[in-house]
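This report is a reading of one protein structure, arranged by topic for a reader who works with coordinates. Please keep the structure open alongside the text.

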Amino acid sequence: MIDLGARARWLLVLGGVVLAAVLFAVPAAHAFEGRGGDVVVIDADEVIEDDLYVGAGEFRLDGTVAGDLVVFGGTLTINGTVEGDLIAAGQSVIVNGTVEDDARVAGYALTVEGDVADDVIAAGFSLEGTEPSSIGGDVIYAGYQALLAGGIGGDVEVGGGAVEIAGTIEGDADVDVGGTERGESLPPFYNFIPNLPTVPSVPASLTVREGAEIGGDLSYTANFEADVPSGTVAGEIDFNRYVPEEPEEEERRQPSPALMVARWSFRQLRRLATFLLIGVLMMWVVPEWTRKLAKNLEDKPLPSLGWGVVAIAVFGALMVMLVIATVLLTIVFGAVTLGGLAGRLAVLGGIVTSSAGFSFSLLWRYVTTIVISLFLGQMIFRALNSPAEQNRWWPMVLGVVIFVIVTAVPVLGWLIKLAAVLFGLGAFWIWLLDTLGGQRAVPAASEGDSSE
């Protein structure tokens with residue numbers, strides 16, 4: 001058995017959950033029903049006889065899905081019944097109803113208030129199993145915090161910074177909170193991020209509440225021993241003090257081939273998760289703009305390539321001009337004894353230059369990837385004569401999966417990335433020229449009308 005270490009193990013769990021959500025979300029050739037839109041609701045009297053695939057900003061299941069339910073988007077609420085597996089990825093995933101098989105979920109706020117008959121495999125910022133919830137199998141979770149207050153019929157394996165056990169676990173519990181120190185329950189930046197779902201406040205490190213029950217053993221890794229109430233654990237308690245790895249020792253160690261493969265696989269899963277999150281955000285917030293860029297690429301492929309080269313040259317020249325202008329103005333103002341103003345000018349120039357560089361990096365690194373992926377997915381669905389070509393989500397998802405797979409190939413992947421950047425930047429440049437040209441044309445047309 002390969003020992004990847006606790007951190008690598010949980011990272012692979014996270015990547016696996018995201019990959020499962022994506023791969024199952026790509027429509028099969030038959031035996032499924034697909035729905036999409038800003039808001040999708042399955043009414044209480046509606047029964048979906050096949051598997052159901054959904055991409056939506058807001059989704060609510062009040063009825064029944066006889067097969068598997070695969071859904072991703074913003075707020076996902078399961079009030080009804082899923083007779084198969086639930087595979088969900090979104091900002092918040094709430095299970096109020098019944099899942100008769102496994103639940104594989106990923107997102108910011110994950111909540112189980114109903115019943116899951118088998119395993120729960122999850123990754124995200126927060127996982128909450130409320131007091132009335134019931135999970136028949138195991139719970140495997142990687143994230144920042146977890147509150148387990150319901151009933152769990154199997155084992156629990158959790159990795160995070162804040163874990164609280166307040167319910168019943170019939171099997172063993174294996175918890176890894178790493179080197180978390182006692183302190184605030186949530187990260188210091190949490191309260192400054194708007195429009196985030198509400199999550200419970202879980203104390204840092206491991207907390208075992210009075211009244212909790214663990215039928216097997218409790219094994220945990222932490223900076224300090226947790227206060228475990230007497231009689232809570234039926235089996236043995238094994239405390240492992242967290243020992244951080246020394247970077248120098250890690251660098252001196254020669255990784256095994258298996259570990260190198262595992263690290264490479266995780267990097268690809270991380271790329272996949274990142275591009276999917278960016279893609280969902282773009283297709284949710286600016287879908288028409290994203291489609292417009294993909295349309296520019298389709299209608300003007302060669303001009304897009306040429307304008308992409310121009311865009312890189314223009315940006316390079318702009319950065320050089322900003323640096324030169326900042327230095328010259330700072331020297332000039334310093335020479336006329338306005339030292340304080342010169343210093344502020346230098347800071348302002350640095351901010352403008354770094355902001356321009358950061359914005360351009362987001363454009364060529366992420367926006368171009370999503371535009372190319374959307375274009376690729378649309379072309380594939382069009383070749384298959386599939387109505388999914390017009391769906392907001394499926395072309396982007398399929399294109400991102402293919403893009404990550406192809407660009408993982410050495411040498412070829414680098415060339416494809418370069419082509420994607422050039423074509424994507426060119427499509428953006430064409431949109432920018434069209435936009436600026438349209439703004440100039442409006443006053444000119446108005447003057448012509450008035451002269452008549």
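The sections below take up the salt bridges, the surface patches, a few contacts and the backbone in turn.

## Basis of the model

The structure discussed here is a predicted model. The residue numbers used throughout run from 1 along the chain as its sequence is written.

## Salt bridges

How many salt bridges does a search of the whole structure find? The search returns 8 salt bridges, and three of the pairs are described here, beginning with Arg 60 and Asp 62. The side chains of Arg 60 and Asp 62 meet at an N to O distance of 2.8 Å. Arg 60 is partly exposed because its relative accessibility is 31%, and Asp 62 is likewise assigned to the partly exposed class, with a relative accessible area of 23%.

A salt bridge also joins the side chains of Asp 85 and Arg 104, with an N to O distance of 3.4 Å. Asp 85 sits in the loop between strand E6 (81-82) and strand E7 (86-95), whereas Arg 104 belongs to strand E9 (residues 103-112), so this pair ties together parts of the chain that are 19 residues apart in sequence. Is Asp 85 buried or exposed? With 14% relative accessibility Asp 85 counts as buried, because the limit for that class is under 20%, while its partner Arg 104 is partly exposed at a relative accessible area of 21%.

The third pair consists of Arg 209 and Glu 164, whose closest N and O atoms are 2.8 Å apart. This pair links distant parts of the chain, since Arg 209 lies in the loop between strand E19 (205-208) and strand E20 (213-214), Glu 164 lies in strand E16 (residues 162-165), and the two are 45 residues apart. Arg 209 is partly exposed, with a relative accessible area of 37%, whereas Glu 164 is buried, with a value of 9%. Beyond single pairs, salt bridges that share partners join Asp 85, Asp 102 and Arg 104 into one network.

## Surface patches

A negative patch on the surface is made up of Asp 118, Asp 138, Asp 155, Asp 172, Asp 174, Asp 217, Glu 236 and Asp 238. One of these residues, Asp 238, is placed in strand E22 (residues 237-241). Asp 238 is partly exposed because its relative accessible area is 39%.

A nonpolar patch is formed on the surface by Leu 281, Trp 284, Val 285 and Val 286, which together have about 360 Å² of accessible area. Within this group, Leu 281 belongs to helix H3, and its relative accessibility of 48% puts Leu 281 in the partly exposed class.

## A polar contact and two spatial pairs

Helix H3, which covers residues 257-285, also contains Gln 268. The side chain of Gln 268 makes a polar contact with the side chain of Arg 271 at 2.8 Å, and Gln 268 counts as buried because its relative accessibility is 14%.

Two pairs of residues can be described by both their sequence separation and their distance in space. Val 41, which is located in strand E1 (residues 32-42), is partly exposed at 29% relative accessibility. Val 41 is separated from Asp 62 by 21 residues in sequence and by 7.5 Å in space, C-alpha to C-alpha, and this is the Asp 62 that forms a salt bridge with Arg 60. In the second pair, Gly 153 and Thr 168 are 15 residues apart in sequence, with a C-alpha to C-alpha distance of 8.2 Å. Gly 153 lies in the loop between strand E14 (151-152) and strand E15 (156-159), and its 27% relative accessibility makes Gly 153 partly exposed.

## Backbone angles

Most residues other than glycine have a negative phi. Which phi does Ser 205 have, although it is not a glycine? Ser 205 has a positive phi of about 70 degrees; this residue is placed in strand E19 and is buried, with a relative accessible area of 1%.

Asn 385 is not a glycine, yet Asn 385 has a positive phi of about 55 degrees. Asn 385 is found in the loop between helix H6 (339-383) and helix H7 (394-407), and Asn 385 counts as exposed because its relative accessibility is 68%.

Methods:
This is a predicted model: local features need pLDDT of at least 70, side-chain atom pairs count only at pLDDT 80 or more; totals for chains, interfaces and linings use all residues. Side-chain values use heavy atoms; hydrogens and water are left out. Patches are made of residues with over 30% relative accessible area and no salt bridge: like charges are joined within 9 Å, nonpolar side chains (Val, Leu, Ile, Met, Phe, Trp, Tyr) within 5 Å. Accessible areas come from the Shrake-Rupley method with a 1.4 Å probe; for residues, only the protein chains shown count as cover. A salt bridge is a side-chain nitrogen of Lys or Arg within 4 Å of a carboxyl oxygen of Asp or Glu. Lys and Arg count as positive and Asp and Glu as negative; His and the chain ends are not counted. The place of a charge is taken as NZ of Lys, CZ of Arg, CG of Asp or CD of Glu. Helices (H or I, at least four residues) and strands (E, at least two) are DSSP runs, numbered from the N terminus. Buried means under 20% relative accessible area, exposed over 50%, partly exposed in between (1.4 Å probe, protein chains only). A polar contact is a pair of N or O atoms within 3.5 Å; within protein, one must be able to donate a hydrogen and the other to accept it, and residues adjacent in sequence count only if both atoms are side-chain atoms.
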